[in-house]
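Subject: Structure for your review

Dear colleague,

Please find below the structure that I am handing over to you, followed by an account of what was found in it. I would be grateful if you could read the account with the structure open beside it.

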Amino acid sequence: MLGGPGCPLAPAIGNSETITVWHRRSQPLTPSGSANFSDVSAVIVDGLRKSYGSVEAVRGVSFAVEPGEVFALLGPNGAGKTTTLGVLEGYRDRDEGRVEVLGTDPAVGGRALRERVGIVLQDIAVQPYLTVRESLRRTSGYYPRPRAVDEVIDLVGLGEQAATRVRRLSGGQQRRLDLALAVIGRPDLLFLDEPTTGFDAAARREAWALVRDLRDLGTTILLTTHYMDEAQALADRIAVIDHGRLVAEGTPETVGGRDTAESVVRFTLPDHDDATGVPMPDGATAAGGVVTVRTTEPLSYLYTLSSWAMRHDVRVEGLSVGRPSLEDVYLQLTRDPL
Amino acid sequence: MSRRGDITMVLREARWEQLAFWRNPAAAVFTGAFPVMFLVIFGTINQGSRIAFYGGIRFAQYYVPAIISFSMMGACYTALAMQLVNRRESGILKRTRATPLPAWAVIASQILSSLVVGLLVSLLVGIIGVAAYGVHVYWSRLPVFIVVMLLGGLSLAALGLLVGSLVPNMDAAPGIVNFIFFPIVFLSGTFYPIKATSLVSQIMQWLPLRPFTLSMFRVFDPRGGPLIDFRDLLVLAAWGVGSAVLAARVFRWEPKH
């Protein structure tokens with residue numbers, strides 16, 4: 001699972017002071033979701049198409065988001081992410097395809113659906129002349145079973161700014177308020193459109209921690225991003241979208257065949273001038289003393305290599321075994337126009 | 001939700017609108033201080049003068065109701081149109097659309113809030129008129145005053161929503177909104193009385209502000225003529241209904257792309 005020891009980004013998360021504060025909240029947060037939709041997908045998109053004039057923004061996209069998971073739509077700018085999200089949010093009508101959000105067509109979902117869905121749009125849009133607490137109190141009044149205002153202020157770490165007028169908040173603080181407004185109604189499902197675009201590194205880590213908190217509270221989250229590390233750090237499942245089509249789907253570990261792709265073994269032989277005698281399968285290269293081996297069987301190659309090195313008393317240094325990073329896969333998938 | 005719940009929701013929303021409105025210095029100054037400023041300037045310049053073609057009544061007895069109609073136009077037309085453009089272009093309107101607050105409640109609460117602003121400014125104008133310029137108030141005509149205020153305010157608000165919806169972007173908003181606003185204010189006799197027989201009056205009586213100004217004046221007219229001119233009220237109502245129908249067709253939640 002993400003955030004566990006298997007995730008290389010996890011250890012960095014706890015370092016920020018702000019996040020420590022968020023996790024030291026006095027009361028346990030109340031979970032999302034009264035609705036039980038365990039056997040129903042939170043979001044179903046089937047053969048979605050949407051054109052703007054002659055431009056086909058979305059060309060037959062299908063995917064499903066299961067309850068309780070964080071699902072990332074990953075793709076470059078202009079890939080069709082925001083258009084897809086716009087249809088799911090009820091802002092855009094669709095040309096073709098079936099779309100269901102919490103079992104309802106978002107085009108006709110109306111008030112009942114909006115009570116269960118939280119939305120954070122790309123652009124910050126908050127009423128400038130109310131304070132943080134007033135904004136949240138106002139919005140909480142729109143929902144039948146809202147979260148407590150102070151609980152949400154705590155969740156997004158705006159405790160010190162609770163009495164500050166929104167126009168005096170920094171951009172990052174306004175973003176957090178935007179998110180707070182999206183979750184005050186205790187949504188079952190949360191849409192986040194490029195939630196960290198324009199953030200510095202620390203602010204991104206804070207936002208990520210927040211998304212994980214919300215996931216832990218049972219909120220299903222569909223987010224779009226063009227950052228591979230963001231998808232990897234947050235998502236349970238990733239769909240890569242490019243030129244209006246889904247080009248890959250899977251977990252961060254498996255998407256784009258990452259799990260079955262060749263591993264790369266690299267090492268140097270400091271006492272050897274050349275690679276003579278070194279076990280070199282097909283496709284291996286030796287340049288400047290660095291040997292690079294591509295193999296689908298890294299374990300068996302390492303066994304061959306280590307027994308050869310032991311037998312001949314050869315020092316092997318800088319040994320690394322790597323899998324293609326999500327970035328490698330992503331760039332591969334989105335390199336060529338379809 | 002029940003009807004009582006709906007009403008509560010609009011009232012609550014209008015209360016938040018009030019809070020936000022009066023904290024916005026630009027809105028508060030333009031909408032609140034402008035009418036008072038005009039009242040004091042023109043009232044002082046014309047202190048003691050009388051209007052011959054209205055049977056020699058005192059200037060302030062005409063001018064205070066005229067400035068009340070000006071106040072209503074500032075609050076219900078100008079401020080509402082500007083606010084609509086501002087919220088749409090900044091994405092606040094789209095953001096609101098994502099919440100369960102129904103569309104009609106968004107509109108109704110903003111109209112209600114603009115009526116409250118107009119009423120508060122009108123009260124201030126009336127109080128200054130009575131205290132500083134000795135304007136006589138006919139309390140028995142209060143029901144007519146309320147009807148005229150409501151009809152005028154609602155019609156101007158509908159016009160404000162229509163114009164605000166037609167404005168393409170934020171940069172164009174002050175120009176378009178005021179381009180319509182100022183000539184109509186001047187030509188409707190709001191700053192200075194205009195003879196009913198004049199060509200200007202013959203034209204402007206078919207636009208909303210002149211009928212509104214004259215209807216308001218009748219409530220303050222010491223000569224005791226008919227309190228209501230039905231043609232004026234009908235013209236005002238027609239503008240309101242027409243604007244509302246058109247506004248509903250061209251209203252947008254998001255900026256144009």
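In chain B, helix α6(B) passes helix α9(B) in a left-handed crossing. Please bear in mind throughout that this is a predicted model.

Helix α6 of chain B covers residues 142-166, and helix α9 of chain B covers residues 209-220. Their axes come within 9 Å and cross at roughly 165 degrees. Angles over 145 degrees count as roughly antiparallel, so α6(B) is roughly antiparallel to α9(B). On the side of α6(B), the residues that meet the other helix are B:Val144, B:Phe145, B:Val148 and B:Gly152. Their counterparts in α9(B) are B:Phe212, B:Ser215, B:Met216 and B:Val219. The residues of this contact comprise six nonpolar, two polar and no charged.

A second helix pair in chain B is formed by α2 (residues 25-45) and α5 (residues 103-133), which pack with their axes 9 Å apart at an angle of about 25 degrees. Angles under 35 degrees count as roughly parallel, so α2(B) is roughly parallel to α5(B). Here the crossing of α2(B) with α5(B) is right-handed. The contact involves B:Thr31, B:Gly32, B:Pro35, B:Val36, B:Leu39 and B:Gly43 in α2(B). Among the residues they meet in α5(B) are B:Val117, B:Leu124, B:Ile128 and B:Tyr133. Sorted by character, the residues of the contact of α2(B) with α5(B) are 10 nonpolar, four polar and no charged.

Turning to chain A, four strands form an open sheet there, in the order β11-β12-β10-β13, with antiparallel pairing. Which strands stand at the edges? They are β11 (285-287) and β13 (317-322) of chain A; each has a single partner strand, so one side of each is left without a neighbour in the sheet. Neighbouring strands of this sheet are turned by 15 degrees against each other on average, direction ignored. As general background, strands of a sheet pair through backbone hydrogen bonds, either parallel or antiparallel.

One pairing may be followed in detail. Strand β12 of chain A (residues 290-295) pairs with β11(A) in the antiparallel sense over three bridges. A:Ala286 has A:Val291 in β12(A) as its bridge partner.

Finally, helix α10 of chain A (residues 298-312) lies across β10 (263-268), β12 and β13 of chain A. The helix α10(A) runs at about 20 degrees to β10(A).

Yours sincerely,
A colleague

How values were computed
Residues numbered from 1 in each chain as written. Chains lettered and ligands numbered in written order. Predicted model: local features only at pLDDT ≥ 70, side-chain atom pairs only at ≥ 80, totals over all residues. Pairing = 2+ DSSP bridges. Helix = DSSP H or I, 4+ residues; strand = E, 2+ residues; numbered from the N terminus. Axes fitted to C-alpha atoms, helices over the stretch in contact; angles between N-to-C directions. Contact = placed C-beta atoms within 7 Å. Parallel < 35°, antiparallel > 145°, perpendicular 65-115°, else oblique. Left-handed = near helix turned anticlockwise from the far one by under 90°. Nonpolar A, V, L, I, M, F, W, Y, C, P; charged D, E, K, R; others polar.
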